[in-house]
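Here are a few short exercises to work through with the model open beside you. Try each task before you read its solution.

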Amino acid sequence: MNEFEVYALCYGRRTGFRGEHFLGYDGNSAEPHPTAYYVWLAVSPAHTVLVDAGIRAERAREIPGLDYVEPVRLLAELGVGPEAVDHVVLTHLHYDHCGTVARFPAARVVVQRSEVDYWTGPWAKRIERERWLLDEAVLEDLRADPVDGDVEVVPGLSVHLVGGHTAGMQVVRVETGSGPVVLASDASHFHENIETDRPAPLLHSMPGVYGAFDRVRELAGSGPVVPGHDPEVLARYPPVADRIVRISGTSGS
Ligand SMILES: [Zn+2]
């Protein structure tokens with residue numbers, strides 16, 4: 001009853017540069033680096049939980065070279081209508097993770113209080129290098145249920161405050177029939193970030209990022225860690241439709 005199936009839905013693709021994803025300029029920083037954008041779906045007999053909500057269509061059109069499909073269209077491929085989603089967990093409030101949250105009117109929206117406080121507080125208005133990452137239209141209309149720290153959202157699915165990437169970054173641990181899955185989202189943009197202990201350049205707190213790596217590993221145990229922007233996710237897990245793979249029920253890595 002409390003076991004979930006977990007899917008990764010790739011709503012966007014573009015080619016960035018390695019230097020955008022790995023802190024510390026080096027000889028490879030200018031190399032092209034394919035980047036993917038995901039929402040994740042966790043379904044149990046009792047609950048349908050969307051983790052993150054992707055980019056708003058209007059904003060997606062402003063991003064050069066972004067190959068974009070609205071997240072609701074990918075959910076439809078899995079037979080899930082927006083009204084069927086009872087919880088939306090927002091790992092953090094960057095524009096590419098919360099953009100379509102208003103499309104899920106029946107959902108309880110779970111976000112860390114420290115994340116909301118940061119984006120509505122004095123620093124985010126002043127720190128130019130972070131402010132572009134916000135979707136102000138989403139923040140204005142956000143009907144969120146703020147939580148503090150580590151919380152079981154529904155039986156079998158919990159959120160864990162890790163910080164680092166943003167002030168209130170949270171990761172999601174999901175119980176599946178084959179053990180736990182950790183949706184790291186931008187606590188590790190790529191497998192390579194956590195596997196080589198190398199943060200991404202966009203970060204709120206450097207010690208926080210390293211602490212998040214440790215916490216994600218601890219939460220996952222021997223189960224898979226699913227990064228936020230790695231195209232490799234689509235290759236590592238079995239496809240169920242175009243742009244959609246099933247994370248649970250596989251051995252993963
Ligand atoms: Zn982010």
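**Exercise 1. Is Asp141 buried or exposed, and where does the residue lie?**

Step 1. Asp141 has a relative accessibility of 60%, so this residue counts as exposed. The scale calls a residue buried under 20% relative accessible area, exposed over 50% and partly exposed in between (1.4 Å probe, protein chains only).

Step 2. Asp141 belongs to helix 8, residues 136–141. Helices (H or I, at least four residues) and strands (E, at least two) are DSSP runs, numbered from the N terminus.

Step 3. From Asp141 to Val101 the C-alpha distance is 9.5 Å, with their positions 40 residues apart in sequence.

A note before going on: this is a predicted model, in which local features need pLDDT of at least 70 and side-chain atom pairs pLDDT 80 or more, while totals for chains, interfaces and linings use all residues. Residues are numbered from 1 along each chain as its sequence is written, and side-chain values use heavy atoms, without hydrogens and water.

**Exercise 2. Find which residues coordinate the zinc ion, and describe the site.**

Step 1. Look for the donors, meaning N, O and S atoms within 2.8 Å of the metal (3.2 Å for Na, K and Ca); water is not among the atoms, so sites may look incomplete. Here they are His92 (NE2), His94 (ND1), His165 (NE2) and Asp186 (OD), at 2.2 to 2.3 Å.

Step 2. Write out the spacing of the donor residues: H-x1-H-x70-H-x20-D. His94 sits in the loop between strand 5 (87–89) and helix 4 (95–98), and Asp186 in the loop between strand 11 (179–185) and helix 9 (191–195), so this pair ties together parts 92 residues apart in sequence.

Step 3. Check the burial: His94 and Asp186 are both buried.

Step 4. Check the angles among the 4 donor atoms, which run from 88 to 172° and make the site irregular. Four donors are tetrahedral if all angles lie between 85 and 135 degrees; four are square planar and six octahedral if opposite donors are over 155 degrees apart and all others between 65 and 115; anything else is irregular.

**Exercise 3. How many salt bridges are there, and what do some of them join?**

Step 1. Apply the rule: a side-chain nitrogen of Lys or Arg within 4 Å of a carboxyl oxygen of Asp or Glu. The count is 18 salt bridges.

Step 2. Take Arg198 and Asp26, whose side chains meet at 3.1 Å, N to O. This pair links distant parts of the chain, 172 residues apart: Arg198 is in the loop between helix 9 and helix 10, and Asp26 in the loop between helix 1 (18–21) and strand 2 (32–43). Asp26 is partly exposed, at 26%.

Step 3. Turn to Asp214 and Arg217, with closest N and O atoms 3.2 Å apart. Both lie in helix 10, 3 residues apart, about one turn of the helix. Asp214 is partly exposed at 47% relative accessible area, and Arg217 is partly exposed at 37%.

Step 4. Add Arg173 and Glu175, whose closest N and O atoms are 2.7 Å apart. Arg173 has a relative accessible area of 21% and is partly exposed; Glu175, at 30%, is partly exposed too.

Step 5. Finish with a network of salt bridges that links Arg13, Asp67 and Arg243.
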